[in-house]
Amino acid sequence: DPIAFGRNYFYRLSAPEQVSVEEAEERAQILADAAALKKLAVDYAHPEIGVTSIDPTSFGRNYFNRASAPEQESMEEAEQRAQILVDAAALKKLAVDYAHPEIGVTSSDPTSFGRNYYSRPSAPEQEDSEEAEERAQILADALAFKKLAVDYAHPEIGVASSDPTSFGRNYYSRPSAPEQEDSEEAEERAQILADALAFKKL
């Protein structure tokens, strides 16, 4: 009929490009392969995710959930354990730095220009642990020698003891000991004797 001018909706100029049946099937196959590869990648990267199956004929035993399998930890536990180990290593480093100040600070940062307080040119001379122990021993010996010298040079100083089992008797304050005079009486007696000698010469 020459008066029928109907236009096809699918072949109009503004219609989107159509794909053939072969192209559609090929595109569906590509998408299915990509989905299968994604599923395999997820199964490999996350073994903690259980395997689900709807096939009643599959009787495979899970390697990770078998009775003799070692205990598995989740991703949260693994991350928490890793964080705990990192914190413990940091605390150990701080403890070593605090307990051993003689160990120098090593740095690979070229922008760090901190000066060491202990090895600066104006710092007092430092002694190592052996010298400190030897100095302490020398001071202890000197203190013991000083005590012995004071005890020898001043016998009038009484011996003080807090030991209840010591029953030693003092030689100078025993009942049969001669009467002792103090320093003032001794000086006065010496002065009297000197005066008497001077009068005698007159």
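K39 and D43 lie four residues apart in helix α1 (residues 21–45), so that about one helical turn separates them. In this predicted model, the two residues form a salt bridge in which the closest N and O atoms are 3.1 Å apart. As for their surroundings, K39 counts as exposed because its relative accessibility is 55%, whereas D43, at 40% relative accessibility, counts as partly exposed.

**Salt bridges**

Side chains of opposite charge can pair when their charged atoms come close. The count of salt bridges in the model comes to five, and the pair in helix α1 is described above. In helix α2 (residues 75–99), K93 and D97 are likewise placed four residues apart, about one turn of the helix, and their side chains meet in a salt bridge with an N to O distance of 3.2 Å. K93 is exposed, with a relative accessible area of 54%, while D97 is partly exposed, its relative accessible area being 43%. A further salt bridge joins R135 to E127, with the closest N and O atoms 3.0 Å apart; here R135 is partly exposed at a relative accessible area of 45%, and E127 is partly exposed at 37% relative accessibility.

The table gathers these pairs.

| Positive residue | Negative residue | N to O distance |
|---|---|---|
| K39 | D43 | 3.1 Å |
| K93 | D97 | 3.2 Å |
| R135 | E127 | 3.0 Å |

**A buried arginine**

R174 is found in the loop between α3 (129–153) and α4 (183–201). This residue is buried and yet has no salt bridge, the nearest side chain of opposite charge being that of E179, 14 Å away. Because a salt bridge requires a side-chain nitrogen of Lys or Arg within 4 Å of a carboxyl oxygen of Asp or Glu, the 14 Å that separates R174 from E179 does not meet the cut-off. The side chain of R174 does, however, take part in a polar contact of 3.1 Å with the side chain of S176.

**The largest pocket**

Rolling a probe the size of a water molecule over the atoms shows where empty space is left. In this model the largest pocket holds about 510 Å³ of space. Its lining consists of 16 residues, and those that lie nearest the centre of the pocket are P101, I103, G104, V105 and N116. By residue class, the lining of the largest pocket divides into eight polar, four nonpolar and four charged residues.

Key. Residues are numbered from 1 along each chain as its sequence is written. This is a predicted model: local features need pLDDT of at least 70, side-chain atom pairs count only at pLDDT 80 or more; totals for chains, interfaces and linings use all residues. Side-chain values use heavy atoms; hydrogens and water are left out. On a 1 Å grid over the protein atoms alone, a cavity is a set of points where a 1.4 Å probe fits but cannot get out, and a pocket is an open set with protein on both sides within 12 Å along at least five of seven lines; lining residues have an atom within 4 Å of a point. Grid points are joined across faces, edges and corners, and a volume is the space filled by probe spheres set on the points. Ala, Val, Leu, Ile, Met, Phe, Trp, Tyr, Cys and Pro count as nonpolar, Asp, Glu, Lys and Arg as charged, and the others, Gly among them, as polar. Helices (H or I, at least four residues) and strands (E, at least two) are DSSP runs, numbered from the N terminus. Buried means under 20% relative accessible area, exposed over 50%, partly exposed in between (1.4 Å probe, protein chains only). Lys and Arg count as positive and Asp and Glu as negative; His and the chain ends are not counted. A polar contact is a pair of N or O atoms within 3.5 Å; within protein, one must be able to donate a hydrogen and the other to accept it, and residues adjacent in sequence count only if both atoms are side-chain atoms.
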